[in-house]
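Me: I'm new to this structure and would love a close look at one part of it. Could you take me through the salt bridges, and then show me what surrounds them?

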Amino acid sequence: MTAWLDSAALILLIGLAAWVVLGRNTFAAVAGFIAYGMLLGLVWVELQGIDVAMTEAAIGGGLTGALMIGAARRLKSAAPVAPATAGTLVIAIGVGAAMAAILAACVLALPNPAPSLASLVAGNIAATGVQNPITAVLLAFRSMDTLLEAVVLLLALIAVWSLAPDAEWPGRIGVPQTANPNGILAYIARVLPPIGLVIGFYIFWAGADQPGGKFQAATILAAMWLLIISAGLGKTPPVSSRWLRAGLIAGPIGFILVGAYGVASTGAFLGLPAAYAKPLIVTIEIALLPTLTLILALLIPPPLRKRAEA
Amino acid sequence: MLLDLWTIVLVSMGVVFFLAGTVGLLRFPDALSRLHALTKADNLGLGLVVIGLLPRLTGIADGAKMIFVWLLVMLSGACLAQLVAHLIRQSGDFKP
């Protein structure tokens, strides 16, 4: 029975992927991509990767989907692209096929059973004080990756901002939105954020011992903020705002400070002394939460506008 | 045994609503009718599935979470349907 369900999900996934790539209509392709992210989340649940499933649904489906809807809307006003020539098509198909072949060869070349550090993690997780192995890996065993990830996100936001025309710097992020104050958007932007805040902080806090964590929580909090902004109930901050900049660097700075404390206490950057491992992990997560929330939310609105537009 | 019957009957009823919603989405002639079909699937279909699965949960907290998910889906579904319907009317595709 489960085999049937799994096969159906896989066939749907491949079909959706083909729809996204081959679709002629940009908006339909984006809708397909969001459905693809949600379905992929379900597949991760089936694979027992609840943390990955939540991240995939929140970031792969939701946030990336929102980014792509914005891109599709901007593309609508752009000049239509000339159809691909036969030469381009041949090159694209050749590169794609070669890439697939190399990936397949790599996967098939893996020894059986695949090399795994899972038993090492399971053996040492008690020293970290957290019970969710994903959190232990992300913030204790491989915390360098997570630090670099946070920095990459910050760089991505700076890259988006650097696309703003000089004349509009330093302006507010995005176009001010207005909505009917008695309309349904304003209604849900008033009702949902309190619920979303509780769920977001719950997922953040539960992340130490259960599936969840700062990334999923930050996506929910960012979505709530965007909802308020898009209903015209709140404004995006100007890029020169001090609290905005402080929030953006809080995560990396906090992370690096904990890392430096590791040098002093254990002799290794990002080393966590076993006695304080859990408080330090929670400190990193608390520092990262505002940074991730701000970055994920501020990637979505269109670039800077200094002058208010009609 | 009785528990199995309860779950099978209610989840099947929920699935029927999802199926009907999907058929409506594919077959109904205009966007507003399609929207109507879709929201029925969210509200009633998911509700029946939740009620069917409730007695299988171990704790009250788990059950409360599942009911809460259903309520949230209803809220977002209803609001989104309104927003989409508003856009359809604004775009002028719909002539009453």
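Reply: Happy to help; what follows starts with the charged pairs, moves on to where the two chains meet, and ends with a few backbone details.

Please keep in mind that this is a predicted model. The predictor gives the complex an ipTM of 0.82 and a pTM of 0.84. For chain B, the mean pLDDT is 86, with 96% of its residues at 70 or more. Within that chain, confidence is highest in α1(B), at 90, and lowest in α2(B), at a mean of 86.

Now to the part you asked about. Side chains of opposite charge can pair when their charged atoms come close. Over all chains, the count comes to three salt bridges, and we can visit them one by one.

Let's begin in chain A with A:Arg142 and A:Asp145, whose side chains meet in a salt bridge at 2.9 Å, N to O. How buried or exposed are these two partners? A:Arg142 has a relative accessibility of 45%, so this residue counts as partly exposed. A:Asp145 is also partly exposed, because its relative accessible area is 36%. Both values fall in the range between the 20% limit for buried and the 50% limit for exposed.

Another salt bridge of chain A joins the side chains of A:Lys214 and A:Glu285, with an N to O distance of 3.9 Å. This pair links distant parts of the chain: A:Lys214 belongs to helix α9 (residues 214-230) and A:Glu285 to helix α11 (residues 277-298), 71 residues apart. Are these two buried or exposed? Both A:Lys214 and A:Glu285 are buried. The rule asks for a nitrogen and an oxygen within 4 Å, and the 3.9 Å of A:Lys214 and A:Glu285 meets that limit.

For the remaining pair we go to chain B, where B:Asp4 forms a salt bridge with B:Arg56 and the closest N and O atoms are 2.5 Å apart. B:Asp4 lies in helix α1 (residues 2-27) of chain B, while B:Arg56 sits in the loop between α2 (31-53) and α3 (60-91), so the pair ties together parts that are 52 residues apart in sequence. B:Asp4 counts as partly exposed because its relative accessibility is 38%. B:Arg56, at a relative accessible area of 39%, is partly exposed as well.

While you have A:Lys214 in view, have a look at A:Gly212, which is in the loop between α8 (184-206) and α9 of chain A. With a relative accessible area of 6%, A:Gly212 is buried. Leaving aside residues up to four places away in sequence, A:Gly212 touches A:Asp51, A:Met54, A:Asn132, A:Thr135, A:Ile203 and A:Gly207. A:Gly212 and A:Leu226 are 14 residues apart in sequence, and their C-alpha atoms are 21 Å apart in space.

Next comes the place where the chains meet. How many salt bridges does the rule find across the interface of chain B and chain A? The rule finds zero there. It also finds one residue pair in polar contact across this interface, both residues being at pLDDT 80 or more. By class, the side of chain B that touches chain A has five nonpolar, two polar and one charged residues. In terms of contacts, eight residues of chain B meet nine residues of chain A. About 680 Å² is buried between the two chains, and carbon and sulfur atoms give 91% of that area. In chain B, the residues that lose the most area to chain A are B:Leu75, B:Cys79 and B:Leu83, together 55% of what that side buries.

Finally, there are some backbone details to find in the loops of chain A. A cis peptide bond joins A:Asn112 and A:Pro113, with omega at about 0°. A:Pro113 is in the loop between α4 (86-109) and α5 (118-124). A:Gln48 is not a glycine, yet its phi is positive, near 70°. You will find A:Gln48 in the loop between α2 (26-46) and α3 (50-76) of chain A, and this residue is exposed, with a relative accessible area of 67%. A:Leu270, also not a glycine, has a positive phi of about 70°. A:Leu270 is in the loop between α10 (242-266) and α11 of chain A, but this residue counts as buried, at 8% relative accessibility.

Definitions and conventions. Residues are numbered from 1 along each chain as its sequence is written. Chains are lettered from A and ligands numbered from 1 in the order in which they are written. Side-chain values use heavy atoms; hydrogens and water are left out. Buried means under 20% relative accessible area, exposed over 50%, partly exposed in between (1.4 Å probe, protein chains only). Helices (H or I, at least four residues) and strands (E, at least two) are DSSP runs, numbered from the N terminus. Contact means heavy atoms within 4.5 Å. Buried area is the accessible area (1.4 Å probe) that two parts lose on being put together, summed over both. A polar contact is a pair of N or O atoms within 3.5 Å; within protein, one must be able to donate a hydrogen and the other to accept it, and residues adjacent in sequence count only if both atoms are side-chain atoms. Ala, Val, Leu, Ile, Met, Phe, Trp, Tyr, Cys and Pro count as nonpolar, Asp, Glu, Lys and Arg as charged, and the others, Gly among them, as polar. pLDDT is the predictor's confidence in each residue, from 0 to 100.
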